[in-house]
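Welcome! Please take a look at the structure below, and then we will walk through some of its features together.

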Amino acid sequence: MMCASVKYSSRGPALIPRMKTKHRIYYITLFSVVLLGLIATGMFQFWPHSIESSTEWTLDRRSVHDAPLVKLPVSSPIPERGDLSCRMHTCFDVYRCGYNPKNRIKVYIYPLQRFVDEVGVPISSTGLSREYNDLLSAISDSDFYTDDVTRACLFVPSIDVLNQNSLRIRETAQALAMLPRWDKGMNHLLFNMLPGGPPDYNTALDVPRDRALLAGGGFSTWTYRQGYDVSIPVYSPLSAEVDLPEKQPGPRRFFILSSQTAIHREYRIQLERLKEENGEALLLLDKCSNLSQGVASARKRCYKGQVYDYPQILQESSFCVVLRGARLGQATLSDVLQAGCVPVIMADSYILPFSEVLDWKRASVVIPEEKLPEMYTILKSIPHRQVEEMQRQARWFWDAYFRSMKAIGLTTLQIINDRIYPYAARTYEQWNNPPVVKWSSVNSPLFLPLIPPRSPGFTAVVLTYDRVESLFRVITEISKVPSLAKLLVVWNNQNKSPPEESLWPKVAVPLKVVRTKENKLSNRFFPFDEIETEAVLAIDDDIIMLTSDELQFGYEVWREFPDRLVGYPGRLHLWDHEMGKWKYESEWTNEVSMVLTGAAFYHKYFNHLYTYKMPGDIKNWVDAHMNCEDIAMNFLVANITGKAPIKVTPRKKFKCPECTAIDGLSLDQTHMVERSECINKFASVFGTMPLKVVEHRADPVLYKDDFPEKLKSFPNIGSL
C-alpha cells in the first residue's frame with residue numbers, strides 16, 4: 001500500500017502544494033495591477049467630472065472683477081432666433097431630469113465669466129446687475145440648486161439679460177452659444193424683464209436663443225409659448241426700498257387712482273375726462289415738475305401742485321390703474337399689489353405674470369383698452385365684499401410671488417418643476433389660497449376612518465361669561481360622560497377673573513381655563529391648541545339639562561358621522577313667500593336643517609375653517625351682533641360637506657327654569673328677530689343656500705322598546 005506524505009506547519013496541514021517562486025511573483029504582480037486599477041477607478045469616480053462642476057456658484061465667485069475674461073471671435077456661431085413652436089415635449093429633454101424621489105428638478109448655474117468682443121468691449125454695458133445677482137443667489141441657496149453639472153435638469157447662464165437695453169444683441173447671442181452645455185438652448189432658462197427696444201419694443205427678448213425657455217416680463221399672446229415660457233413680473237426696486245405695512249381691506253379715500261407718469265397722451269386725455277365726470281372719486285397723478293433740489297422724483301407724484309408720496313398714496317385707493325406703456329409689462333403692477341390696491345389692468349394681449357398658476361380674476365380687474373371711458377361704471381358694479389377679497393388677494397400675491405427677485409425666481413422654477421413632475425404638482429388651492437394657518441396637525445373629517453376610534457374621546461369646550469354657579473353644574477354633569485377626555489373653559493369676561501383653582505369642581509379629566517382678549521361669540525370656535533381630540537363638544541354654561549347618556553349617545557353618533565354636526569334641539573329655515581326672504585323657525589316641525597351649537601358635537605377641523613376661512617364678513621357680523629354663531633357654523637359645515645346635520649334624541653328645546661332674560665342672550669326679544677336676518681345675510685355672503693333639510697333623527701335602538709332599563713345602553717335619554 002502506498003501512502004502519500006503530508007507536510008504540516010504551525011498553521012495546520014498544507015493542503016495546497018507550495019507554488020514555485022516564479023509563479024508566486026507573477027500572481028503578486030497581477031494582483032497589484034488589479035488593486036491599483038480599482039483604486040484609480042474609485043478616484044476617478046469621485047473626482048470632479050469636468051471643470052464646470054468644480055467651479056461651484058458660491059459667494060466668493062460672484063465678483064465680476066474676479067471672473068475670467070472670455071473673448072468672442074467675430075466668427076463665433078449665432079443661435080437661431082427662437083422657435084415659436086417649442087413646447088415641453090418638443091424642445092425640452094425631460095429625460096435629463098430623470099427619476100427624483102423628491103420630485104424636484106436640479107438647476108445648475110454656469111460659472112461667472114466676462115464676455116468681450118475681439119477689441120475688448122463687453123457684451124453688456126452694466127455687467128451683472130444687482131437684481132440678477134440676487135436671483136442667482138436665491139437659486140444657489142435653494143433646494144433646486146446643484147453644483148454637479150451631470151445631475152442638472154435645467155441650466156441657468158450667468159449672463160445677465162434682464163434688461164435688453166444694456167445688451168449688445170449679436171454678441172450676447174454668441175456668448176450663449178459658447179456655453180459648454182448649450183446644445184441649441186435645450187434645457188436652458190433665460191430671465192428677461194425688459195424686452196425689446198425702440199421704436200417697436202418687441203414683447204419678447206430680441207437676443208437669438210435657439211430652444212431656450214424664456215422667463216419674460218412683457219409677453220403678448222403673439223410671443224408667449226404657452227406651457228413652455230413663463231410669464232414673470234417686472235420687478236419694482238421700490239419693493240426693497242419702501243416698507244408698506246399691510247392695510248386692512250375696505251373702503252379707501254379714493255375710488256380710482258392713476259399714478260403712472262409715462263402713459264400715452266390719448267389715455268391721459270381719457271383719464272382726465274373721467275376725472276371731470278367723477279370728481280374726487282378719481283385721483284389722476286403725474287410726475288412732479290416743481291420739486292426741491294435733491295428730492296427723489298421717483299418717490300413723488302403730483303396733482304395740480306399737490307405732492308403725494310409714492311407708492312404710499314396707492315394705499316389710499318380701492319382701485320389702481322395699470323396701463324400699458326412702451327412695454328406691456330409694467331413695474332407699477334408690483335407697486336399696486338404691494339399697496340393692497342386692486343389693479344385695473346388695461347394692456348390688450350398682455351400675458352399676466354404667472355398666469356399659468358395664478359387666478360388673476362381673484363385679485364384684479366382686466367378691462368380692454370377701448371373700454372377705458374367705461375372704467376368707472378364697470379368698477380362701480382363690483383360688490384363691496386368682492387372688492388375687499390380682491391384687495392386681500394392682491395396683497396398676498398405680492399407677498400408670495402412679487403416681493404423680491406428670490407420670490408420671482410423660485411416661483412418660476414416651481415412652475416417648471418410642476419410641468420416635469422405633474423403628479424406631484426402644487427394644486428390650485430396651494431397656488432391661490434393664502435396659507436393662513438398650519439394644517440399639518442389637523443385632519444379633515446372627510447378623510448377620517450369610517451368610524452373614528454372611541455378611545456381618544458372628546459373635548460368639551462364650555463363658553464362662559466360670569467355664570468359661575470351654572471358653569472360648575474355643567475362641568476359636574478359633563479364629567480360623568482365616559483368618553484370625556486378634557487374640559488376646556490373659554491372665559492369670555494375681560495373685566496372679571498375666573499374663580500380660584502380651589503373653587504372649581506374636582507373632575508377626573510384635565511380641566512383648562514382659557515381667558516380671551518375680547519368678548520366675542522366666535523371665541524367658542526377658536527382652534528385652541530389644547531384641543532387634542534378629533535371630536536369637540538361645544539356647550540354653553542347653562543345647558544344643565546342634558547344627561548350623561550344623551551351626551552355619550554351623541555358622541556357615538558358623531559363617531560359614525562364625523563363630518564356632520566351632531567346636536568340636540570333642531571331648527572329649520574323656511575322661505576317666506578310674502579316677504580320674499582328666508583325665515584328662522586324654532587317651533588316643533590317634522591323637518592330639521594340646523595342644530596344648535598349650544599350643545600353639539602363636530603370635528604375640530606371646522607374650528608379652523610370657522611376662524612380662518614369663513615367667507616366674507618360673517619365672523620365679524622356675528623361678533624358685532626352677539627348672535628348667530630351657531631347658524632354660521634351650520635352654514636359652514638353644510639357648504640363644505642353638502643350634508644345636513646344630525647339631530648339626536650327627542651329633545652326640542654333647552655329648558656333652563658333658573659335662567660332669566662338678564663342672564664341669557666337667547667331670551668332677548670330682538671335675538672329671535674335677528675336670527676332670520678342672519679340666515680338672509682349668510683345666504684347672501686355664501687351666494688347660495690347650503691342648508692339641507694331632513695326629516696329624521698337618531699335615537700338609541702332600544703329607546704322606545706319595552707325592555708328592562710338595565711338591558712339598554714342609554715336608558716336615561718331625557719325628555720322633550
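To follow the helix packing described here, it helps to know that axes are lines fitted to C-alpha atoms, for helices over the stretch in contact, and that angles between N-to-C directions run from 0 to 180 degrees. Please also keep in mind that this is a predicted model.

**Two helices that pack together**

With that in hand, let us visit helix α15 (residues 605–612) and helix α17 (residues 629–641), whose axes are 10 Å apart and pack at an angle of about 110°. Because angles of 65 to 115 degrees count as roughly perpendicular, α15 is roughly perpendicular to α17. On the α15 side, the contact is made by F606, N607, L609 and Y610. On the α17 side, the partners are E629, A632, M633, L636, V637, I640 and T641. Sorted by class, the residues of this contact of α15 with α17 are eight nonpolar, two polar and one charged.

**The whole chain**

Stepping back, the protein chain holds 18 helices and 26 strands. It has 720 residues, of which 51% are buried. Among the contacts in the chain with a separation of 6 or more, 77% are between residues 24 or more positions apart.

**A second helix pair**

Next comes helix α4 (residues 130–140), which meets helix α11 (residues 405–420): the two axes come within 8 Å and cross at roughly 50°. That angle makes α4 oblique to α11. The crossing of α4 past α11 is right-handed. In α4, the residues in contact are E131, D134, L135, A138 and I139, and in α11 they are M405, K406, G409, L410 and L413. By class, the contact of α4 with α11 has six nonpolar, one polar and three charged residues.

How many of the 16 residues of α11 are buried? The count is 14, and α11 is mostly covered. The length of α11 can be checked as well: at 1.5 Å a residue, its 16 residues should span 22 Å, and the end C-alpha atoms are 23 Å apart, which agrees.

**A link across the sequence**

D549 is found in helix α14 (residues 548–560). This residue counts as buried because its relative accessibility is 17%, and the cut-off for buried is under 20%. Although D549 and F714 are 165 residues apart along the chain, their C-alpha atoms are separated by 5.3 Å.

**Unusual spots in the backbone**

Most residues other than glycine have a negative phi, and most peptide bonds are trans. The table gathers four places that depart from this pattern.

| Place | Feature | Value |
|---|---|---|
| P198 and P199 | cis peptide bond | omega about 5° |
| Y310 to P311 | cis peptide bond | omega near 10° |
| Y201 | positive phi, not a glycine | phi about 50° |
| K304 | positive phi, not a glycine | phi near 50° |

Where do these places sit? P199 lies in the loop between β7 (189–192) and β8 (213–216), and Y201 is in the loop between β7 and β8 too. P311 is found in the loop between β13 (306–309) and β14 (317–323), whereas K304 lies in the loop between β12 (300–303) and β13.

Is K304 buried or exposed? K304 is exposed, with a relative accessible area of 75%. Y201, at 26% relative accessibility, counts as partly exposed.

Key
Residues numbered from 1 in each chain as written. Predicted model: local features only at pLDDT ≥ 70, side-chain atom pairs only at ≥ 80, totals over all residues. Heavy atoms only, no water. Helix = DSSP H or I, 4+ residues; strand = E, 2+ residues; numbered from the N terminus. Parallel < 35°, antiparallel > 145°, perpendicular 65-115°, else oblique. Left-handed = near helix turned anticlockwise from the far one by under 90°. Contact = heavy atoms within 4.5 Å. Nonpolar A, V, L, I, M, F, W, Y, C, P; charged D, E, K, R; others polar. Expected span 1.5 Å × (residues − 1). Buried < 20%, exposed > 50% of the residue type's maximum accessible area, 1.4 Å probe, protein only.
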